[in-house]
Amino acid sequence: MNHGQFDKSDQLVAAVHRAEGGVFEGFRAAHAFGRFYAGTFTATPVAKTLSRAAHFQGTPVPVTVRFSGASGDPSKKPSNVVALATKFYLPDGTITDLIGITLPAFFARTPEEFLAFAAAHTADPATGQVDLAKLKAFMVTHPNGGRVILMVQKQPAVVSFEQVGYRPLHTYHFVNAAGVGRWARYHWEPEAGVAGQPLEELEKRPHDYLYKELEGRLRTSPVAFRLELELAEEGDTVDDPSTIWPDGRERVVVGRLDVFRPITQEEIGDPVMMHDPTAVTDGIEVSPDDQILAARRGAYVVSVAQRTGGWQRRGTFADASSRSAQEPALAGKQSPSSTNVKE
């Protein structure tokens with residue numbers, strides 16, 4: 001079976017758009033409404049015993065984080081599912097990403113299962129509501145996804161972006177300087193503790209309430225999270241993000257994230273700011289058999305192209321090519337504006 005990074009990527013993005021009620025120009029297909037913040041990540045001494053990754057060696061590294069709601073509709077308020085995407089800026093000039101969300105697990109094991117979930121979760125155009133019969137049918141035929149749906153339905157809304165735990169969902173292989181590896185799952189745990197509230201209470205608040213609440217906290221002190229690794233044991237699934245491991249797995253604190261202040265994409269210098277869960281660095285490896293993880297990169301690349309216009313809006317290459325075809329005398333000469341085309 002083909003489960004490369006671009007397998008069904010266009011179908012996956014289109015399915016998300018349908019489930020979210022349409023295409024919202026210029027916004028991500030999911031997690032449309034969000035804001036960026038600056039901070040640092042500092043690894044604990046035990047981190048480098050598990051991985052030789054540059055940001056696990058103890059020296060603080062700068063990060064940006066993006067807090068967001070889950071919906072692809074930017075007009076929708078955050079609810080009981082929110083996300084935290086982190087970009088680590090490593091000493092050698094490279095980056096690595098980590099994307100966390102307040103889900104207990106993912107809804108699907110494969111792209112095909114996700115397409116089935118998205119179809120079942122898409123509102124009926126005639127009623128504007130999800131067809132519960134279709135959703136129940138999905139839950140019966142996909143028990144892992146059904147369990148996640150039930151757990152999310154019972155999950156309280158967030159009180160603050162600072163007081164909820166985020167799970168990156170996938171399992172990664174951590175390799176230390178001696179070449180010894182261990183499978184584990186990430187968890188961001190809030191230093192301020194976990195708190196929730198009824199969804200009805202959050203819905204009474206303004207659209208940007210959670211961001212203003214967070215920024216009010218940041219005016220007095222940083223917002224902090226522990227990064228914990230949940231270590232796999234023999235028999236634990238490492239290629240299926242829809243599975244939940246049994247309770248009692250050992251957890252190790254490998255670092256601390258301190259978020260200091262809001263920051264803009266212009267200040268960061270990255271107007272696209274794609275977060276890629278496969279953008280790992282030496283010392284951390286993805287599961288080669290995790291089909292959802294592989295598909296996410298391709299889907300994100302397609303989504304970025306859609307929300308930015310892709311290469312067609314990065315310069316006048318298309319126009320220059322057209323002119324060259326019509327004006328042979330210009331063939332082989334570089335159009336001044338073509339130097340603006342960026343990868």
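The following questions and answers concern the sheet, the salt bridges and the enclosed spaces of a predicted model.

Visitor: In what order do the 9 strands of the open sheet run?
Guide: The model contains an open sheet built from 9 strands. The pairing within this sheet is antiparallel. The order is S4-S3-S2-S1-S10-S9-S7-S6-S11.

Visitor: Which are the edge strands of that sheet?
Guide: An edge strand pairs on one side only. That condition is met by strand S4 (95–101) and by strand S11 (284–286). The edge strands are therefore S4 and S11.

Visitor: By how many degrees are neighbouring strands of this sheet turned against each other on average?
Guide: The value is an average over neighbouring strands of this sheet. Direction is ignored in this figure. The average turn is 35 degrees.

Visitor: Which residue in S10 is the bridge partner of Gly 39?
Guide: Strand S1 (residues 34–43) and strand S10 (residues 251–262) pair in the antiparallel sense, with 7 bridges between them. For Gly 39, the partner in S10 is Val 259.

Visitor: How many bridges join S9 to S10?
Guide: Strand S9 (residues 223–231) runs antiparallel to S10. One pair of bridge partners is Phe 225 with Leu 257 of S10. The number of bridges joining S9 to S10 is 8.

Visitor: How many salt bridges does the model contain?
Guide: Side chains of opposite charge can pair when their charged atoms come close. The cut-off applied here is 4 Å between a side-chain nitrogen of Lys or Arg and a carboxyl oxygen of Asp or Glu. By this rule the salt bridges number 20.

Visitor: How far apart in sequence are the parts that Glu 112 and Lys 8 tie together?
Guide: Glu 112 and Lys 8 form a salt bridge whose closest N and O atoms are 2.9 Å apart. Because Glu 112 belongs to helix H3 (residues 111–121) and Lys 8 to the segment before helix H1 (9–20), the pair links separate parts of the chain. Glu 112 is partly exposed at a relative accessible area of 31%, and Lys 8 is partly exposed at 23%. The parts they tie together are 104 residues apart in sequence.

Visitor: Is Asp 208, which forms a salt bridge with Lys 212, buried or exposed?
Guide: In this salt bridge the closest N and O atoms are 3.6 Å apart. Lys 212 has a relative accessible area of 52% and is exposed. Asp 208 has a relative accessible area of 18%, and a residue under 20% counts as buried. Asp 208 is therefore buried.

Visitor: What is the N to O distance in the salt bridge between Arg 261 and Glu 267?
Guide: Arg 261 is partly exposed, at 37% relative accessibility. Glu 267 is also partly exposed, with a relative accessible area of 44%. Their side chains meet with an N to O distance of 2.8 Å.

Visitor: Which residues are linked in a network of salt bridges?
Guide: Salt bridges link several side chains into a network. Its members are Glu 189, Glu 191, Arg 226, Glu 228, Arg 251, Arg 256 and Asp 258.

Visitor: Which strand supplies the largest share of the lining of the second largest pocket?
Guide: This pocket has a volume of about 620 Å³, and 32 residues line it, with Pro 104, Met 151, Arg 167, His 187 and Arg 251 nearest its centre. By class, the lining comprises 17 nonpolar, 8 polar and 7 charged residues. Strand S5 (157–158) and strand S7 (181–190) each supply at least two lining residues. The largest share, 5 residues, comes from S7.

Visitor: Which strand gives the most to the lining of the largest cavity?
Guide: The whole structure holds 2 cavities of 30 Å³ or more, and the largest encloses about 70 Å³. Its lining includes His 55, Thr 96, Asp 97, Leu 98 and Tyr 186, and by class has 7 nonpolar, 2 polar and 1 charged residues. With 3 residues, the strand that gives the most is S4.

Visitor: What is the volume of the second largest cavity?
Guide: Lys 77, Pro 78, Leu 202, Pro 206, His 207, Tyr 209 and Leu 210 line this cavity. They divide into 5 nonpolar, 1 polar and 1 charged. The volume is about 40 Å³.

Methods. Residues are numbered from 1 along each chain as its sequence is written. This is a predicted model: local features need pLDDT of at least 70, side-chain atom pairs count only at pLDDT 80 or more; totals for chains, interfaces and linings use all residues. Side-chain values use heavy atoms; hydrogens and water are left out. On a 1 Å grid over the protein atoms alone, a cavity is a set of points where a 1.4 Å probe fits but cannot get out, and a pocket is an open set with protein on both sides within 12 Å along at least five of seven lines; lining residues have an atom within 4 Å of a point. Grid points are joined across faces, edges and corners, and a volume is the space filled by probe spheres set on the points. Helices (H or I, at least four residues) and strands (E, at least two) are DSSP runs, numbered from the N terminus. Ala, Val, Leu, Ile, Met, Phe, Trp, Tyr, Cys and Pro count as nonpolar, Asp, Glu, Lys and Arg as charged, and the others, Gly among them, as polar. Two strands pair if DSSP finds at least two bridges between them. Buried means under 20% relative accessible area, exposed over 50%, partly exposed in between (1.4 Å probe, protein chains only). Axes are lines fitted to C-alpha atoms, for helices over the stretch in contact, and angles run from 0 to 180 degrees between N-to-C directions.
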